Amino acid sequence: MTRRRGLILPVVLVLTGLLALILASFLFHVRAEVAGAQAQRDAQQARLAAESALEEVTYILRQAKGDSSQWFDVPDRFRHALVWSEAFDRDGDPVKKMGSRKEVLEAGRAPETWRYSVVAQNLDGLPDTLRYGVTPEASKLNLNTADEAELERLLLKLLMDLGVENAPELLATLLDWLDEDSETRPGGAEDDYYATLDSPYHAKNGPLTTLEELLFVKGWNAALLYGEDTNRNGILDPNENDGRTSPPVYDNGDGILQRGIAPYVTVWTTEPGTDGQSKTARVDLNTAPAVVLAALEGMTAEAADTIVALRKTLEPQALLNPEWPVTSGALDPATHQAIREKVTVQPTVFHVEVVAYGDHTKLVRRYEWIVALRGGLPQVLYHRDLTRLGLAWPVDNDELLLRGR
Ligand SMILES: [Ca+2]
Ligand SMILES: [Ca+2]
Ligand SMILES: [Ca+2]
Ligand SMILES: [Ca+2]
(Lines give C-alpha, C1' and ligand atoms only; values in the text may rest on other atoms or scores of the structure.)
(Ligands and ions follow the chains in the order given, each with its own letter.)
Protein backbone atom coordinates (compact mmCIF):
# COMPACT_ATOMS: atom_id res chain seq x y z
CA MET A 1 0.00 0.00 0.00
CA THR A 2 2.65 2.47 1.10
CA ARG A 3 4.85 1.56 -1.87
CA ARG A 4 2.00 2.16 -4.36
CA ARG A 5 1.14 5.49 -2.71
CA GLY A 6 4.79 6.43 -3.03
CA LEU A 7 4.57 5.70 -6.76
CA ILE A 8 1.38 7.72 -7.39
CA LEU A 9 2.90 10.97 -6.15
CA PRO A 10 5.78 11.11 -8.71
CA VAL A 11 3.39 10.05 -11.49
CA VAL A 12 1.00 12.88 -10.59
CA LEU A 13 3.91 15.31 -10.39
CA VAL A 14 5.22 14.26 -13.80
CA LEU A 15 1.75 14.50 -15.34
CA THR A 16 1.18 17.95 -13.83
CA GLY A 17 4.56 19.05 -15.14
CA LEU A 18 3.74 17.77 -18.62
CA LEU A 19 0.36 19.51 -18.58
CA ALA A 20 1.99 22.77 -17.52
CA LEU A 21 4.48 22.41 -20.39
CA ILE A 22 1.74 21.76 -22.92
CA LEU A 23 -0.22 24.74 -21.62
CA ALA A 24 2.85 26.99 -21.77
CA SER A 25 3.65 25.98 -25.35
CA PHE A 26 -0.02 26.43 -26.29
CA LEU A 27 0.02 29.94 -24.83
CA PHE A 28 3.27 30.68 -26.64
CA HIS A 29 1.69 29.66 -29.95
CA VAL A 30 -1.41 31.75 -29.28
CA ARG A 31 0.75 34.77 -28.47
CA ALA A 32 2.87 34.27 -31.59
CA GLU A 33 -0.31 33.96 -33.63
CA VAL A 34 -1.76 37.16 -32.18
CA ALA A 35 1.53 39.04 -32.67
CA GLY A 36 1.72 37.79 -36.25
CA ALA A 37 -1.83 38.88 -36.98
CA GLN A 38 -1.13 42.26 -35.38
CA ALA A 39 2.04 42.76 -37.46
CA GLN A 40 0.15 41.85 -40.62
CA ARG A 41 -2.64 44.25 -39.75
CA ASP A 42 -0.10 47.04 -39.06
CA ALA A 43 1.70 46.40 -42.35
CA GLN A 44 -1.63 46.65 -44.15
CA GLN A 45 -2.50 49.87 -42.29
CA ALA A 46 0.89 51.37 -43.21
CA ARG A 47 0.34 50.45 -46.84
CA LEU A 48 -3.06 52.17 -46.78
CA ALA A 49 -1.51 55.23 -45.11
CA ALA A 50 1.04 55.40 -47.96
CA GLU A 51 -1.74 55.11 -50.52
CA SER A 52 -3.51 58.00 -48.78
CA ALA A 53 -0.36 60.01 -49.40
CA LEU A 54 -0.51 59.22 -53.11
CA GLU A 55 -4.18 60.26 -53.19
CA GLU A 56 -3.43 63.56 -51.48
CA VAL A 57 -0.42 64.27 -53.68
CA THR A 58 -2.34 63.62 -56.90
CA TYR A 59 -5.17 65.82 -55.63
CA ILE A 60 -2.73 68.70 -55.04
CA LEU A 61 -0.94 68.15 -58.35
CA ARG A 62 -4.21 68.20 -60.27
CA GLN A 63 -4.97 71.62 -58.79
CA ALA A 64 -1.52 73.10 -59.27
CA LYS A 65 0.98 70.96 -61.16
CA GLY A 66 2.74 74.05 -62.53
CA ASP A 67 3.07 75.70 -59.11
CA SER A 68 6.07 74.04 -57.47
CA SER A 69 5.56 76.07 -54.28
CA GLN A 70 2.59 73.75 -53.62
CA TRP A 71 4.46 70.46 -53.82
CA PHE A 72 8.25 70.71 -54.26
CA ASP A 73 9.28 71.31 -50.65
CA VAL A 74 6.41 71.83 -48.24
CA PRO A 75 7.21 70.28 -44.82
CA ASP A 76 4.03 71.72 -43.28
CA ARG A 77 2.00 69.65 -45.68
CA PHE A 78 4.14 66.58 -46.28
CA ARG A 79 5.95 65.87 -43.02
CA HIS A 80 4.23 63.59 -40.48
CA ALA A 81 0.89 64.14 -42.22
CA LEU A 82 -1.86 62.54 -40.15
CA VAL A 83 -3.96 59.85 -41.83
CA TRP A 84 -5.90 58.60 -38.84
CA SER A 85 -5.68 58.48 -35.07
CA GLU A 86 -7.97 56.90 -32.49
CA ALA A 87 -7.43 59.97 -30.28
CA PHE A 88 -7.46 63.14 -32.42
CA ASP A 89 -8.01 64.62 -35.88
CA ARG A 90 -5.67 66.84 -37.95
CA ASP A 91 -6.64 70.00 -36.04
CA GLY A 92 -5.95 68.34 -32.71
CA ASP A 93 -2.74 66.60 -33.78
CA PRO A 94 -0.14 67.13 -31.00
CA VAL A 95 2.68 66.68 -33.54
CA LYS A 96 1.32 69.57 -35.59
CA LYS A 97 1.01 71.70 -32.45
CA MET A 98 4.47 70.92 -31.03
CA GLY A 99 6.20 70.71 -34.41
CA SER A 100 8.12 67.61 -33.29
CA ARG A 101 6.98 63.99 -33.40
CA LYS A 102 10.08 62.96 -31.49
CA GLU A 103 9.08 65.09 -28.49
CA VAL A 104 5.50 63.87 -28.58
CA LEU A 105 6.64 60.24 -28.58
CA GLU A 106 9.11 60.86 -25.78
CA ALA A 107 6.33 62.40 -23.68
CA GLY A 108 4.55 59.06 -23.30
CA ARG A 109 2.70 56.12 -24.77
CA ALA A 110 1.07 57.05 -28.06
CA PRO A 111 -2.47 56.10 -29.15
CA GLU A 112 -2.86 54.23 -32.43
CA THR A 113 -1.97 56.86 -35.01
CA TRP A 114 -0.97 56.50 -38.67
CA ARG A 115 1.07 59.04 -40.62
CA TYR A 116 3.10 59.53 -43.76
CA SER A 117 5.87 61.76 -45.01
CA VAL A 118 6.42 62.51 -48.69
CA VAL A 119 10.17 62.68 -49.11
CA ALA A 120 12.69 63.50 -51.83
CA GLN A 121 16.38 64.09 -52.43
CA ASN A 122 17.47 67.71 -51.96
CA LEU A 123 19.75 67.97 -55.00
CA ASP A 124 20.04 71.76 -54.93
CA GLY A 125 20.01 72.15 -51.15
CA LEU A 126 22.72 71.73 -48.53
CA PRO A 127 24.44 68.34 -48.48
CA ASP A 128 22.79 65.57 -46.44
CA THR A 129 19.43 67.30 -46.15
CA LEU A 130 16.08 66.19 -47.58
CA ARG A 131 12.96 67.72 -49.10
CA TYR A 132 9.35 67.10 -48.16
CA GLY A 133 7.61 66.94 -51.50
CA VAL A 134 7.53 65.33 -54.93
CA THR A 135 9.93 65.47 -57.87
CA PRO A 136 8.91 66.17 -61.45
CA GLU A 137 10.49 63.59 -63.73
CA ALA A 138 11.02 66.56 -66.05
CA SER A 139 13.68 67.81 -63.64
CA LYS A 140 15.83 65.01 -65.11
CA LEU A 141 17.25 64.38 -68.56
CA ASN A 142 15.38 61.73 -70.56
CA LEU A 143 17.85 59.03 -71.62
CA ASN A 144 15.59 57.92 -74.47
CA THR A 145 15.06 61.26 -76.19
CA ALA A 146 18.06 63.47 -75.35
CA ASP A 147 20.55 64.20 -78.14
CA GLU A 148 23.77 62.21 -78.00
CA ALA A 149 25.64 65.44 -77.26
CA GLU A 150 23.32 66.17 -74.32
CA LEU A 151 23.74 62.66 -72.92
CA GLU A 152 27.48 63.03 -73.31
CA ARG A 153 27.55 66.35 -71.44
CA LEU A 154 25.48 65.08 -68.53
CA LEU A 155 26.73 61.51 -68.20
CA LEU A 156 30.44 62.21 -68.64
CA LYS A 157 30.21 64.83 -65.91
CA LEU A 158 28.24 62.60 -63.51
CA LEU A 159 30.42 59.55 -64.19
CA MET A 160 33.63 61.57 -63.70
CA ASP A 161 32.22 62.78 -60.37
CA LEU A 162 31.87 59.11 -59.44
CA GLY A 163 35.55 58.61 -60.17
CA VAL A 164 34.81 56.31 -63.11
CA GLU A 165 37.72 55.90 -65.54
CA ASN A 166 35.86 54.32 -68.48
CA ALA A 167 33.10 56.95 -68.80
CA PRO A 168 33.43 57.26 -72.63
CA GLU A 169 33.00 53.47 -72.99
CA LEU A 170 29.94 53.53 -70.72
CA LEU A 171 28.43 56.25 -72.89
CA ALA A 172 29.21 54.21 -76.02
CA THR A 173 27.61 51.00 -74.66
CA LEU A 174 24.52 52.98 -73.63
CA LEU A 175 24.20 54.63 -77.06
CA ASP A 176 24.63 51.24 -78.77
CA TRP A 177 21.93 49.79 -76.51
CA LEU A 178 19.55 52.60 -77.50
CA ASP A 179 20.27 52.98 -81.22
CA GLU A 180 18.42 50.81 -83.71
CA ASP A 181 21.45 49.50 -85.58
CA SER A 182 23.87 46.73 -84.61
CA GLU A 183 27.06 48.52 -85.57
CA THR A 184 29.32 48.67 -82.56
CA ARG A 185 30.73 52.10 -81.73
CA PRO A 186 34.32 52.35 -80.49
CA GLY A 187 34.14 51.02 -76.91
CA GLY A 188 30.47 50.12 -77.35
CA ALA A 189 28.59 46.80 -77.41
CA GLU A 190 25.88 45.27 -79.60
CA ASP A 191 24.32 41.81 -80.04
CA ASP A 192 27.64 40.16 -80.91
CA TYR A 193 28.86 41.02 -77.39
CA TYR A 194 25.64 40.16 -75.53
CA ALA A 195 25.51 36.79 -77.37
CA THR A 196 28.77 35.76 -75.66
CA LEU A 197 27.37 36.12 -72.11
CA ASP A 198 26.66 33.05 -69.95
CA SER A 199 22.98 33.93 -70.19
CA PRO A 200 22.89 35.66 -73.57
CA TYR A 201 20.32 38.31 -74.47
CA HIS A 202 19.80 40.90 -77.20
CA ALA A 203 20.70 44.57 -77.13
CA LYS A 204 17.49 46.58 -76.72
CA ASN A 205 18.07 48.70 -79.84
CA GLY A 206 15.26 50.91 -78.58
CA PRO A 207 14.24 53.09 -75.65
CA LEU A 208 14.78 51.96 -72.05
CA THR A 209 11.58 50.88 -70.30
CA THR A 210 12.93 51.50 -66.79
CA LEU A 211 16.11 52.99 -65.39
CA GLU A 212 17.08 49.61 -63.93
CA GLU A 213 17.27 48.26 -67.49
CA LEU A 214 20.65 50.03 -67.60
CA LEU A 215 21.96 47.11 -65.52
CA PHE A 216 21.75 44.95 -68.68
CA VAL A 217 24.05 47.30 -70.59
CA LYS A 218 27.72 46.31 -70.81
CA GLY A 219 29.78 47.93 -68.05
CA TRP A 220 26.83 49.40 -66.16
CA ASN A 221 26.01 48.40 -62.59
CA ALA A 222 24.13 49.54 -59.49
CA ALA A 223 27.18 51.46 -58.23
CA LEU A 224 26.95 53.74 -61.29
CA LEU A 225 23.20 54.13 -60.95
CA TYR A 226 23.01 54.85 -57.23
CA GLY A 227 26.62 55.70 -56.35
CA GLU A 228 27.38 55.40 -52.65
CA ASP A 229 23.75 56.09 -51.81
CA THR A 230 22.65 52.48 -51.49
CA ASN A 231 19.55 53.37 -49.45
CA ARG A 232 18.65 56.15 -51.95
CA ASN A 233 17.90 58.96 -49.54
CA GLY A 234 20.39 61.50 -50.91
CA ILE A 235 22.13 61.54 -47.52
CA LEU A 236 25.57 60.18 -46.64
CA ASP A 237 24.83 57.45 -44.11
CA PRO A 238 27.63 56.03 -41.91
CA ASN A 239 27.91 52.76 -43.86
CA GLU A 240 28.18 54.79 -47.09
CA ASN A 241 31.26 56.56 -45.78
CA ASP A 242 33.27 53.80 -44.10
CA GLY A 243 34.88 52.06 -47.07
CA ARG A 244 35.07 48.28 -46.76
CA THR A 245 33.97 48.18 -43.11
CA SER A 246 30.32 47.70 -44.09
CA PRO A 247 28.39 47.46 -47.35
CA PRO A 248 28.67 49.21 -49.75
CA VAL A 249 32.36 48.26 -49.88
CA TYR A 250 33.16 50.66 -52.73
CA ASP A 251 32.39 53.95 -50.96
CA ASN A 252 35.46 56.19 -50.83
CA GLY A 253 35.05 57.53 -47.29
CA ASP A 254 35.66 61.14 -48.34
CA GLY A 255 32.77 62.56 -46.32
CA ILE A 256 30.89 63.52 -49.50
CA LEU A 257 28.05 61.55 -51.05
CA GLN A 258 28.74 60.46 -54.63
CA ARG A 259 25.13 60.00 -55.77
CA GLY A 260 25.28 58.13 -59.05
CA ILE A 261 23.32 59.08 -62.14
CA ALA A 262 19.82 57.93 -61.10
CA PRO A 263 18.61 61.23 -59.55
CA TYR A 264 19.44 63.09 -62.78
CA VAL A 265 17.99 60.87 -65.51
CA THR A 266 14.56 59.52 -66.41
CA VAL A 267 12.71 57.37 -68.94
CA TRP A 268 9.22 58.61 -68.04
CA THR A 269 8.80 62.01 -69.69
CA THR A 270 8.57 61.01 -73.35
CA GLU A 271 5.77 62.69 -75.33
CA PRO A 272 4.87 62.78 -79.03
CA GLY A 273 6.68 65.64 -80.79
CA THR A 274 4.89 68.52 -82.53
CA ASP A 275 4.88 66.50 -85.78
CA GLY A 276 3.06 63.68 -83.94
CA GLN A 277 5.80 61.23 -84.96
CA SER A 278 9.08 61.91 -83.21
CA LYS A 279 9.45 61.59 -79.47
CA THR A 280 10.45 64.46 -77.27
CA ALA A 281 10.85 65.22 -73.56
CA ARG A 282 11.10 68.61 -71.94
CA VAL A 283 13.12 69.62 -68.90
CA ASP A 284 11.42 71.57 -66.11
CA LEU A 285 12.96 75.04 -65.81
CA ASN A 286 11.67 75.45 -62.26
CA THR A 287 13.00 72.31 -60.57
CA ALA A 288 15.82 70.81 -62.68
CA PRO A 289 19.25 70.94 -61.03
CA ALA A 290 21.89 73.07 -62.74
CA VAL A 291 23.81 70.05 -64.07
CA VAL A 292 20.72 68.90 -66.00
CA LEU A 293 19.93 72.36 -67.41
CA ALA A 294 23.57 72.78 -68.41
CA ALA A 295 23.42 69.58 -70.49
CA LEU A 296 20.81 71.05 -72.87
CA GLU A 297 22.03 71.96 -76.35
CA GLY A 298 22.64 75.72 -76.43
CA MET A 299 23.03 76.14 -72.68
CA THR A 300 26.13 76.95 -70.66
CA ALA A 301 27.01 76.03 -67.10
CA GLU A 302 26.87 79.72 -66.14
CA ALA A 303 23.40 80.21 -67.63
CA ALA A 304 22.17 77.10 -65.79
CA ASP A 305 23.54 78.41 -62.49
CA THR A 306 21.84 81.77 -63.11
CA ILE A 307 18.48 80.06 -63.72
CA VAL A 308 18.78 78.04 -60.51
CA ALA A 309 19.82 81.09 -58.46
CA LEU A 310 17.14 83.36 -59.92
CA ARG A 311 14.18 80.99 -59.65
CA LYS A 312 14.65 80.87 -55.87
CA THR A 313 13.98 84.62 -55.73
CA LEU A 314 10.93 84.81 -58.03
CA GLU A 315 7.29 84.59 -56.93
CA PRO A 316 5.49 81.28 -57.74
CA GLN A 317 3.20 83.24 -60.07
CA ALA A 318 6.16 84.55 -62.09
CA LEU A 319 7.55 81.03 -62.54
CA LEU A 320 4.33 79.93 -64.27
CA ASN A 321 5.29 82.08 -67.26
CA PRO A 322 7.48 80.01 -69.65
CA GLU A 323 9.18 83.24 -70.74
CA TRP A 324 10.51 84.00 -67.26
CA PRO A 325 14.16 83.15 -68.01
CA VAL A 326 14.29 85.87 -70.64
CA THR A 327 11.99 88.45 -69.00
CA SER A 328 13.97 88.13 -65.76
CA GLY A 329 17.25 88.47 -67.59
CA ALA A 330 18.53 84.99 -66.61
CA LEU A 331 19.02 84.09 -70.28
CA ASP A 332 19.80 86.24 -73.29
CA PRO A 333 17.14 85.96 -76.05
CA ALA A 334 19.39 83.83 -78.30
CA THR A 335 20.05 81.22 -75.61
CA HIS A 336 16.38 81.19 -74.67
CA GLN A 337 15.44 80.67 -78.30
CA ALA A 338 17.87 77.74 -78.52
CA ILE A 339 16.32 75.87 -75.60
CA ARG A 340 12.67 76.94 -75.66
CA GLU A 341 11.48 73.73 -77.35
CA LYS A 342 13.43 71.66 -74.81
CA VAL A 343 12.05 73.14 -71.60
CA THR A 344 8.73 73.52 -69.82
CA VAL A 345 7.17 75.07 -66.71
CA GLN A 346 4.30 72.55 -66.67
CA PRO A 347 5.66 69.15 -65.66
CA THR A 348 3.17 66.29 -66.01
CA VAL A 349 4.95 63.23 -64.61
CA PHE A 350 6.01 63.03 -60.97
CA HIS A 351 8.08 60.81 -58.72
CA VAL A 352 6.32 60.32 -55.40
CA GLU A 353 8.16 58.64 -52.54
CA VAL A 354 6.39 57.95 -49.28
CA VAL A 355 7.30 56.56 -45.88
CA ALA A 356 4.31 55.48 -43.79
CA TYR A 357 4.44 54.71 -40.08
CA GLY A 358 2.52 54.69 -36.83
CA ASP A 359 3.23 56.52 -33.56
CA HIS A 360 2.32 53.38 -31.58
CA THR A 361 4.48 50.91 -33.53
CA LYS A 362 7.99 50.63 -34.90
CA LEU A 363 6.70 49.35 -38.22
CA VAL A 364 7.56 51.46 -41.27
CA ARG A 365 6.83 50.95 -44.97
CA ARG A 366 8.41 52.78 -47.87
CA TYR A 367 7.05 53.04 -51.43
CA GLU A 368 7.62 54.93 -54.63
CA TRP A 369 5.35 55.75 -57.54
CA ILE A 370 5.74 57.41 -60.90
CA VAL A 371 2.43 59.07 -61.65
CA ALA A 372 1.42 60.88 -64.84
CA LEU A 373 -1.17 63.68 -64.88
CA ARG A 374 -1.56 64.21 -68.59
CA GLY A 375 -5.25 63.65 -69.23
CA GLY A 376 -8.25 63.62 -66.93
CA LEU A 377 -7.16 60.75 -64.70
CA PRO A 378 -3.86 60.26 -62.89
CA GLN A 379 -2.05 57.23 -64.22
CA VAL A 380 0.49 55.22 -62.25
CA LEU A 381 3.33 54.34 -64.63
CA TYR A 382 5.53 52.56 -62.09
CA HIS A 383 5.27 51.45 -58.49
CA ARG A 384 7.74 49.80 -56.17
CA ASP A 385 7.95 48.72 -52.54
CA LEU A 386 11.27 50.11 -51.22
CA THR A 387 10.83 48.89 -47.65
CA ARG A 388 13.73 46.45 -47.89
CA LEU A 389 16.10 49.39 -48.51
CA GLY A 390 15.28 50.55 -44.97
CA LEU A 391 13.39 53.59 -43.69
CA ALA A 392 16.44 55.68 -44.67
CA TRP A 393 14.71 59.07 -44.39
CA PRO A 394 15.43 60.87 -41.08
CA VAL A 395 11.90 62.29 -40.84
CA ASP A 396 12.10 62.65 -37.05
CA ASN A 397 15.29 64.72 -37.14
CA ASP A 398 13.97 68.22 -36.29
CA GLU A 399 17.40 69.83 -36.41
CA LEU A 400 17.94 68.53 -39.95
CA LEU A 401 14.63 70.07 -41.04
CA LEU A 402 15.86 73.49 -39.93
CA ARG A 403 19.25 72.98 -41.57
CA GLY A 404 17.62 72.04 -44.88
CA ARG A 405 15.72 75.34 -45.07
CA1 LIG B 1 22.16 49.26 -81.28
CA1 LIG C 1 22.22 57.29 -48.14
CA1 LIG D 1 30.90 51.03 -46.72
CA1 LIG E 1 32.07 59.56 -50.81
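Where is the place of His-80? Keep that in mind as you look through these close-ups, which come from a predicted model.

**Figure 1. His-80 sits in a loop between a helix and a strand.** To be exact, the place of His-80 is the loop that runs between helix H2 (75–78) and strand S1 (81–85). Check the backbone here: phi of His-80 is near 55°, a positive value in a residue that is not glycine. Is His-80 buried or exposed? His-80 counts as buried, because 21 C-beta neighbours lie inside 10 Å and the cut-off for being buried is 20 or more.

**Figure 2. Asn-205 also has a positive phi, about 50°, although it is not a glycine.** You'll find Asn-205 in the loop between helix H7 (191–194) and helix H8. Asn-205 has 14 other C-beta atoms within 10 Å, so it is partly exposed.

**Figure 3. The peptide bond from Pro-247 to Pro-248 is cis.** Omega is near 0° at this bond. Pro-248 belongs to the loop between helix H8 (222–226) and strand S7 (265–266).

**Figure 4. Strand S12 is mostly covered, with 10 of its 10 residues buried.** Take one side of S12 and you meet Val-349, His-351, Glu-353, Val-355 and Tyr-357, all buried. Now take the other side: Phe-350, Val-352, Val-354, Ala-356 and Gly-358 are all buried too. In other words, both faces of S12 are covered.

**Figure 5. S12 (residues 349–358) and S13 (residues 364–372) pair up in the antiparallel sense.** Nine bridges link these two strands. Two pairs are handy for finding your way: Val-352 stands opposite Trp-369 in S13, and Val-354 stands opposite Tyr-367 in S13. How many residues lie between S12 and S13 in their hairpin? There are five residues between them.

**Figure 6. S13 has another antiparallel partner, strand S14 (residues 379–385).** Here the pairing runs over six bridges. Look for Glu-368, whose bridge partner in S14 is Arg-384. A hairpin of six residues takes the chain from S13 to S14.

**Figure 7. Strands S2 and S5 pair with S12 as well.** Strand S2 (residues 113–118) runs antiparallel to S12, with five bridges. In that pairing, Trp-114 has Gly-358 of S12 as its bridge partner. Strand S5 (residues 135–136) is also antiparallel to S12, over two bridges. There, Thr-135 is matched with His-351 in S12.

**Figure 8. Tyr-116, Val-118 and Val-354 touch the most other members of the largest nonpolar core.** That core holds 83 residues. Nonpolar side chains tend to be buried together in soluble globular proteins. Let's zoom in on Val-118. Which residues is Val-118 in contact with, leaving aside its neighbours within four places in sequence? The contacts are Ala-53, Val-57, Phe-78, Tyr-132, Gly-133, Val-134, Val-352, Glu-353 and Val-354.

**Figure 9. Helix H10 (residues 301–311) has buried residues and exposed ones.** The buried residues are Ala-303, Ala-304, Ile-307, Val-308 and Arg-311. They cover an arc of only 135° around the axis, so they lie on the same side of H10. An α-helix has 3.6 residues a turn, which means that residues three or four places apart point the same way. What do the buried residues of H10 pack against? They pack against helix H9 (290–295), helix H11 (316–319), helix H12 (324–327) and helix H13 (333–339). Glu-302 and Ala-309 are exposed, on the face of H10 turned away from its buried side.

**Figure 10. The C-alpha atoms of Phe-88 and Ile-256 are separated by 42 Å.** Along the chain, these two residues are 168 residues apart. Phe-88 is in the loop between S1 and helix H3 (94–98). Because Phe-88 has 16 C-beta neighbours inside 10 Å, it counts as partly exposed.

**Figure 11. Zooming back out, the protein has 14 helices and 14 strands.** Along its principal axes, the C-alpha trace spans about 115 × 60 × 45 Å. The radius of gyration is 27 Å, while a compact globule of 405 residues would have one near 22 Å. Buried residues make up 36% of the 405 residues.

Terms used. Residues are numbered from 1 along each chain as its sequence is written. Chains are lettered from A and ligands numbered from 1 in the order in which they are written. This is a predicted model: local features need pLDDT of at least 70, side-chain atom pairs count only at pLDDT 80 or more; totals for chains, interfaces and linings use all residues. Helices (H or I, at least four residues) and strands (E, at least two) are DSSP runs, numbered from the N terminus. The radius of gyration is taken over C-alpha atoms; the globule rule is 2.2 Å times the number of residues to the power 0.38. A residue is buried if 20 or more other C-beta atoms lie within 10 Å of its own, exposed if 12 or fewer, and partly exposed in between; C-beta atoms are placed from the backbone. Two strands pair if DSSP finds at least two bridges between them. The arc is that of the directions from the helix axis to the C-beta atoms. Two residues are in contact if their C-beta atoms, placed from the backbone, lie within 7 Å. A nonpolar core is a set of buried Ala, Val, Leu, Ile, Met, Phe, Trp, Tyr and Cys residues joined through C-beta atoms within 7 Å.
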